Each structure stands twice: as structure tokens, then as C-alpha cells.
Amino acid sequence: MDLILFGVFAIIAVVCGINVVVQSHPISSAISLVGVMGSLAVLYLLLGAEFIAAAQVIVYAGAIMVLFVFVIMLLNAGAESRKGRSLMVQLLGVPLLITLFGLLAYFVQRMYSPEASVHFGGFRGGTAEEIGHALFTTYLLPFEVTSILILIAILGAVVLARKEMD
Amino acid sequence: MAGVPIYYFLTLSAILFALGVAGFLFRRNIITVFMSIELMLNAVNLSFITFSYYLKKNDGHIFAFFVMVVAAAEAAVGLAIILTVFKNRQTLNIDEVDSLKN
């Protein structure tokens, strides 16, 4: 059951992830990215991270992707042209990427035995209560610094995107 | 009943990260490059949550939460920069934005 759930949503995530990279129109990439984020939210639930799954849907699939779609529509971005990429990227890019992925997958499989497995409900520390407790005790200072970071980001975005006034 | 081995999740994370790197390197549209960065951040988040499950602690969740916050801030500022670049140059192709090159 867990394996079926993982398989279905992992395949959706990978297919949507490939779609993000190969689609020539940015809006198709954005919609595929929403698919990746949604299926990752289900996998977070499988791993017992309820709060992060909810935040993933609300913040990533909701807020950030809407921002992306707004900007794509505002700029009226069309499909990109395929010409003008360097020869080295074309020749070496894919083999190097496969090497990167192969190394990552190899070491991951060497490090963790198949006995270390995930069951739904095997970890219950990811509820909003537990996360909130950790955020407001152990991680209080980083949490407060985060609010300042957000404030700076808002100010920066407003300053950058406003119309020049004399 | 057999569960899902831990390294399946980590391998999925590696696949998504490699796809993000591919998008970052191969795409010429600045918005798609930006979305590839988001894809890589998501892949790393999946690793954090998986390690958190493996260690039976929720510190990884806190890290994933902070990654989301930073991604949100980065998206807001980055898209504002893209708007400004487009306003000044009328292009979204990263090869044409090369003032620092010469």
C-alpha cells in the first residue's frame, strides 16, 4: 500500500519534473511545477510531515506559483528559441548530469539498507503542534530573523518593481 | 507488510535535483531557469523530510520550513528583478543579458 502510493506519486513527480525542463513555453513549465509540488506534498504526508505538506500546498503551489504565473502573463512570455546554445553544453551536459545523478543514487543506496523503510504513520512528530513547539522554543531566534528577512524581501520587491518617479 | 525503503525517497530527490540542474543549465528563458531553482529547492526539502523520518526527529521539518520561507522571499525579489530587466531590455533570454561579460 505504501509502496503503491509512493510509486504513483513518485512517477507523477518525475514526469512533471521532466515536463518542466522540456516544455518550451514557460506557462506549461509552471503548471508542471505545480504538479511536482502537489505530488511532493503527498509524499510528505507519507513521511509523517503533516504541517510541511500543508505549507507546501499553501505556500509553494499556492503563493509562489501564482506569483510565477502572474509574471509570465504580465511579461507575455512566449516560447523560447532553440538556437544559440554552446557546443560544450550540448556535448557534455547530459553525460555530466547522468554522472551526477548516478553518483548521488549510488552513494544513497550504499548508505541506507533496504531494512530502513518508511511506513505510513511511522513517525508522528510532524504535526502542527510539534512543529509550533519546536519553532517557538528551540528555533525561536531563527524564526524571528525569518520575519525580518521577509520584510526586507517585501521592501526589495516593491523598490525594484515600482515605476520610477521624478 | 513491506514499507518503502528510505533510499527510494532519496533517489527520487536525486532525480528531481538532477532535473533542476538540467533546467538551470539548458534553458535560456530566465523564468524557466528560476523555476528550475525552485525544483532543486523542492528536491532538497524532500531529502530533509526523509532524513527527519529516518532519525525520528522533527528538526528536518523546521529546516524545510525555513527553506520554504527563503524560497518565497527569493521568488518575490527575483521576479521583481526579472520585471525590471524586462522593462529595461525587452527580453527574457539570458544570453542577451550580458552587460557584465565585456
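**Figure 1. Elements of chain A in the predicted model.** Helices and strands here are DSSP runs, at least four residues long for a helix and at least two for a strand, numbered from the N terminus. The model is a predicted one. Read from the N terminus, chain A follows the order α-α-α-α-β-α-α. That makes six helices and one strand. The strand, S1 of chain A, covers residues 117-118. Helix H4 (87-111) and helix H5 (128-136) are among the helices of chain A.

**Figure 2. The spread of chain A.** Is chain A more spread out than a compact globule, or less? The globule rule gives 15 Å for 166 residues, but the radius of gyration of chain A is 20 Å, well over that value, so chain A is more spread out than a compact globule. Its C-alpha trace spans about 60 × 45 × 25 Å along the principal axes. Of the 166 residues in chain A, 24% count as buried. Among the contacts in chain A between residues at least 6 apart in sequence, 63% join residues at least 24 apart.

**Figure 3. The two domains of chain A.** The domain assignment divides chain A into domain 1, residues 2-126, and domain 2, residues 127-166. Between the C-alpha centres of these two domains of chain A the distance is 25 Å. How many residues of each domain of chain A are in contact with the other? Domain 1 of chain A has five such residues, and domain 2 of chain A has four. On the domain 1 side of this contact in chain A, one residue is nonpolar, two are polar and two are charged.

**Figure 4. The contact of chain A with chain B.** Chain A brings 72 residues to the contact and chain B brings 61. Which elements of chain A supply at least two residues each to the side that touches chain B? They are helices H1 (2-22), H2 (26-46), H3 (50-75), H4 (87-111), H5 (128-136) and H6 (140-161), together with strand S1 (117-118). H3 of chain A gives the largest share, 12 residues. By class, the side of chain A that touches chain B holds 56 nonpolar, 12 polar and four charged residues.

**Figure 5. Strand pairing across the two chains.** S1 of chain A is joined by two bridges to strand S1 of chain B, residues 4-5. These two strands run antiparallel. Which residue of S1 of chain B stands opposite A:Ser117? In that place is B:Pro5.

Key: Residues are numbered from 1 along each chain as its sequence is written. Chains are lettered from A and ligands numbered from 1 in the order in which they are written. This is a predicted model: local features need pLDDT of at least 70, side-chain atom pairs count only at pLDDT 80 or more; totals for chains, interfaces and linings use all residues. Domain bounds come from an automatic or database domain assignment. Two residues are in contact if their C-beta atoms, placed from the backbone, lie within 7 Å. Ala, Val, Leu, Ile, Met, Phe, Trp, Tyr, Cys and Pro count as nonpolar, Asp, Glu, Lys and Arg as charged, and the others, Gly among them, as polar. Two strands pair if DSSP finds at least two bridges between them. The radius of gyration is taken over C-alpha atoms; the globule rule is 2.2 Å times the number of residues to the power 0.38. A residue is buried if 20 or more other C-beta atoms lie within 10 Å of its own, exposed if 12 or fewer, and partly exposed in between; C-beta atoms are placed from the backbone.
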